[in-house]
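Dear colleague,

I am handing over the structure we spoke of, and my notes on it come after it. Please read them with the model open beside you.

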Amino acid sequence: MPGSEMPAPCVFAPDMAEQVPLWHHYLLAIQSRESPRVQDYQRAENILLTVLERAHALDSRFIVDYSRDLEAFQFALRSSEDPLDVEVLLGVDSEALLIEESEASEPGDGPAICRLGVLKEASGLGPWMTDDIFSVSSEDRDKCSGHIIPGKVLCVLKDLLVAAIVHCKHHRLIPPGSLNAASLKGGQMRLSLQVSSGWRKIRFNVVPVVKKKHRVPALEGALLKLGFPEGILRRIASHGVDLVPANAQHWRQCCCGPRRCSQHQRTGQTCRAQCTASW
C-alpha cells in the first residue's frame, strides 16, 4: 500500500548461527571430497587388479580377491595416507594343511606364530610342494611332509608382480606412468606398491593370505535353538582364521584380516584379544 514501509529483512542473530552443530561442517567437508577420492581409489584399484590378474595367469596358485566392496568408501573417509592392504589368496586346500603353533606362543600373548604344514596323506597338492615355496621336512616322525614357507611365497609373488607389471605396460593394459616395477618394495613381510591415479598416489600393501577353517564339532552337531536365525551355527562353525606372513619361516594367525591385524600391532593391541572381544 502507498506509504507503507517494506518489512525489514530477517537477520539471524549470532547465537542462531552458532546452533549449527560442528559435526555438520565435518560431514559437508567429507561429502565434498568423497566423490573424487572414491574415483581416485577405484582407478588405482582397477590398475592393481589388472596386474594381479596377470600374475594369476602366470601362476594360478595366487588368486585375486575381488571381495572389496567397501574399500572405496572407507578410503574416502580416511584422513591419513597410510598404505592399503590388498589380499592375494593362496588357492591351496586348507583341509590338507596343519597349523603347527610355535612353542614360544603363549595364550593371550599376541597373534599366534605357527608353521603351515602339508599333511603326508594329502593328495593333489603337487603345486604346493615345489622348491620355490616348499621346504621338505627332515623328520620322518613328523605328521607333515614339509612346510609352506612365507618368505619363499613372498619372493615368488614379487617376481610375479614384476613380470605382470612389465607385461601390462608393454601391452598398454594400464595407463602410462600409473605403475612402475621400481616402486615395488618388500618389507615387514608384505609387498608395497605405489599406484598413480590422476594426481594422487596410493600405496598398496600386497599380502599373501591363506584361508584356514577351524572345525568345531560341538557346534557342527548342535541343533538350532528357538530364536536363532537359520544357519547361524553353521556360519559360526565355519568361521576360520587368516594366515599371513609373520617372518621368513612362520605365519601369523589372524581372524580379523591383515589390515586390522597390522593396526593392532601398531597400537600395541593383540589380534587374539581383539578377535575374542569382538565375539
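The notes below cover the cavity search and then the salt bridges.

Please keep in mind that this is a predicted model. A search of the whole structure finds one cavity of 30 Å³ or more, and about 40 Å³ of space lies in the largest cavity. Its lining is made up of Leu52, Ala55, His56, Phe62, Ile63, Val64, Val88 and Leu157, with α2 (22-58) and β1 (62-64) as the elements that each give two or more residues to it. By residue class, the lining divides into seven nonpolar, one polar and no charged.

The same kind of search finds eight salt bridges in the whole structure, among them the one in which the side chains of Asp40 and Arg43 meet at 2.4 Å, N to O. Asp40 and Arg43 are three residues apart in helix α2, which means that about one helical turn separates them; Asp40 is buried at 4% relative accessibility, whereas Arg43 is partly exposed at 41%.

A further salt bridge joins the side chains of Arg61 and Asp132 (2.8 Å, N to O). Because Arg61 lies in the loop between α2 and β1 and Asp132 in the loop between β4 (113-119) and β5 (134-136), this pair ties together parts that are 71 residues apart in sequence. Arg61 is buried, with a relative accessible area of 10%, while Asp132, at 33%, counts as partly exposed.

Best regards

Notes:
Residues are numbered from 1 along each chain as its sequence is written. This is a predicted model: local features need pLDDT of at least 70, side-chain atom pairs count only at pLDDT 80 or more; totals for chains, interfaces and linings use all residues. Side-chain values use heavy atoms; hydrogens and water are left out. On a 1 Å grid over the protein atoms alone, a cavity is a set of points where a 1.4 Å probe fits but cannot get out, and a pocket is an open set with protein on both sides within 12 Å along at least five of seven lines; lining residues have an atom within 4 Å of a point. Grid points are joined across faces, edges and corners, and a volume is the space filled by probe spheres set on the points. Helices (H or I, at least four residues) and strands (E, at least two) are DSSP runs, numbered from the N terminus. Ala, Val, Leu, Ile, Met, Phe, Trp, Tyr, Cys and Pro count as nonpolar, Asp, Glu, Lys and Arg as charged, and the others, Gly among them, as polar. A salt bridge is a side-chain nitrogen of Lys or Arg within 4 Å of a carboxyl oxygen of Asp or Glu. Buried means under 20% relative accessible area, exposed over 50%, partly exposed in between (1.4 Å probe, protein chains only).
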